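Reader: I work at the bench and would like a close look at one part of this model. Please start from the aromatic rings and work outward to what packs around them. Keep it brisk.

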Amino acid sequence: MSAVCLIAAVFSMLPWNAFAAADLYDAINRLRAGEGACMVAQKPPPLTRQAALERAAVALSRGQSLRDSVKESGYRATASRFISITAAGGRAVAVLERKYCGQLLDGALVDIGIYQDARQLWIVMAAPFAPRVALSLEAAAQRVLELVNNARTEPRRCGGRPFNATRPVSRSAVLGKAALLHAEDMARHNYFSHTGRDGSTPAQRVRRVGYKFRATGENIAAGTLTPEAVVAGWIKSPGHCANLMNPAYAEMGVAYAVERNSKFGVYWAQIFATPR
């Protein structure tokens, strides 16, 4: 008998109540680490026990759907799955490593909650809503500038309005400050609008940071994680595209802010202007 089979046999001889939930969490993470029968090419990170997902597992045991169970638990997930087996304790571990390795080794899922009774086991695994922009503010701003200036080298139509190719814009630290303040305010207070929470307009916010302008315009975006996606979205939107292609503008500032408890997670603001 192989070592793996021997371990499974030892598990199966133990009563279900000899395994507390903590033992099951540990056993599942050992499987993810390649210590059981599951073949692991690249070890996923250990799963983190979450009380909210334990509540979701309880709701599943009462017949609720996975979606409703996770939502009502208060856990904000971008991905989730569950396993339900008619086995408990040590027998459950043997079943898991025999039939559910693929699900247990999903590296995209990082959190777990378990509920068990004398006969059955419910496991909920999920990935939290955790928006992240891989680039720093400085690197993201520089990349947006490159993409905007690439777009301005070609003629295009923004909705029904034609624009010729035009001169590049340069980055302004002052406009970048105004953009950052508005992006942070939207993220922190969970709204998405060109109108500030205090009723301010984009032009008023540009004046507040001490920038004197002849013309100015603002683009905003939310929920996107890369400069490429942000600029592509602006180009597809007639009004935002018109700002981006406007030959009257000479300078630009752009920034993003992240707040996982907000609706969209990531908020971007971009300000164009021509100084006086």
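Author: The rings come first, then the neighbouring strand and helices, then a few separate spots.

This is a predicted model, in which local features need pLDDT of at least 70 and side-chain atom pairs count only at pLDDT 80 or more, while totals for chains, interfaces and linings use all residues. Residues are numbered from 1 along each chain as its sequence is written, and side-chain values use heavy atoms, with hydrogens and water left out.

A pair of aromatic rings is described by the distance of the centres and the angle of the planes. Here, rings of Phe, Tyr and Trp (its six-membered ring) pair if their centres lie within 6.5 Å. Planes under 30 degrees apart count as stacked, over 60 as edge-to-face, and the rest as tilted. The structure holds five such pairs. One of them joins tyrosine 256 and tryptophan 268. Their centres are 5.2 Å apart, the planes meet at 50°, and the pair is tilted. It links distant parts of the chain. Tyrosine 256 belongs to strand β9 (residues 251–258), and tryptophan 268 to strand β10 (residues 266–275), twelve residues apart. Strands and helices are DSSP runs, numbered from the N terminus: E over at least two residues for a strand, H or I over at least four for a helix. Both tyrosine 256 and tryptophan 268 are buried. Buried means under 20% relative accessible area, exposed means over 50%, and partly exposed is in between (1.4 Å probe, protein chains only).

A second pair joins phenylalanine 264 and tyrosine 267. This pair is edge-to-face because the ring centres are 6.1 Å apart and the planes stand at 75°. The two partners differ in exposure. Phenylalanine 264 has a relative accessible area of 32%, so it is partly exposed. Tyrosine 267 has 0%, so it is buried. Phe192 joins Phe264 and Tyr267 in one aromatic cluster.

Stay with strand β10. Glutamine 270 is found there. Its relative accessible area is 0%, so this side chain's residue counts as buried. What does glutamine 270 touch, leaving aside its neighbours within four places in sequence? Contact means heavy atoms within 4.5 Å. Glutamine 270 meets Val144, Val148, Gly217, Glu218, Asn219, Trp234, Met252, Gly253 and Val254.

Three of those names lead to a helix pair. Two packed helices are described by the angle between their axes and the distance between the axes. The axes of helix α7 (residues 137–152) and helix α10 (residues 227–236) come within 9 Å and cross at roughly 40°. Axes are lines fitted to C-alpha atoms, for helices over the stretch in contact, and angles run from 0 to 180 degrees between N-to-C directions. The crossing of α7 past α10 is right-handed. From α7, the contact uses Ala140, Arg143, Val144, Leu147, Val148 and Ala151. From α10, it uses Pro227, Glu228, Val231, Trp234 and Ile235. By class, that makes nine nonpolar, no polar and two charged residues. Ala, Val, Leu, Ile, Met, Phe, Trp, Tyr, Cys and Pro count as nonpolar, Asp, Glu, Lys and Arg as charged, and the others, Gly among them, as polar.

Follow the chain on from α7. Proline 155 sits in the loop between α7 and β5 (156–158). At 58% relative accessible area, proline 155 is exposed. It still touches Phe163, Asn164 and Ala165, not counting residues up to four places away in sequence. Threonine 166 is eleven residues from proline 155 in sequence and 8.0 Å away in space, C-alpha to C-alpha.

Next, a loop residue with an uncommon label. Asparagine 190 lies between α8 (173–189) and α9 (202–208). Its phi is near 60°, a positive value in a residue other than glycine. Asparagine 190 is partly exposed, at 42% relative accessibility.

Last, helix α3 (residues 51–61), which contains alanine 59. The buried residues of α3 are Ala52, Leu53, Glu54, Ala56, Ala57, Ala59 and Leu60. Alanine 59 has 12% relative accessibility. Beyond its neighbours within four places in sequence, alanine 59 is in contact with Gln64 and Ser69. Glutamate 72 is 13 residues from alanine 59 in sequence and 8.9 Å away, C-alpha to C-alpha. Just after α3, glycine 63 takes a positive phi of about 95°.

Notes
Left-handed = near helix turned anticlockwise from the far one by under 90°.
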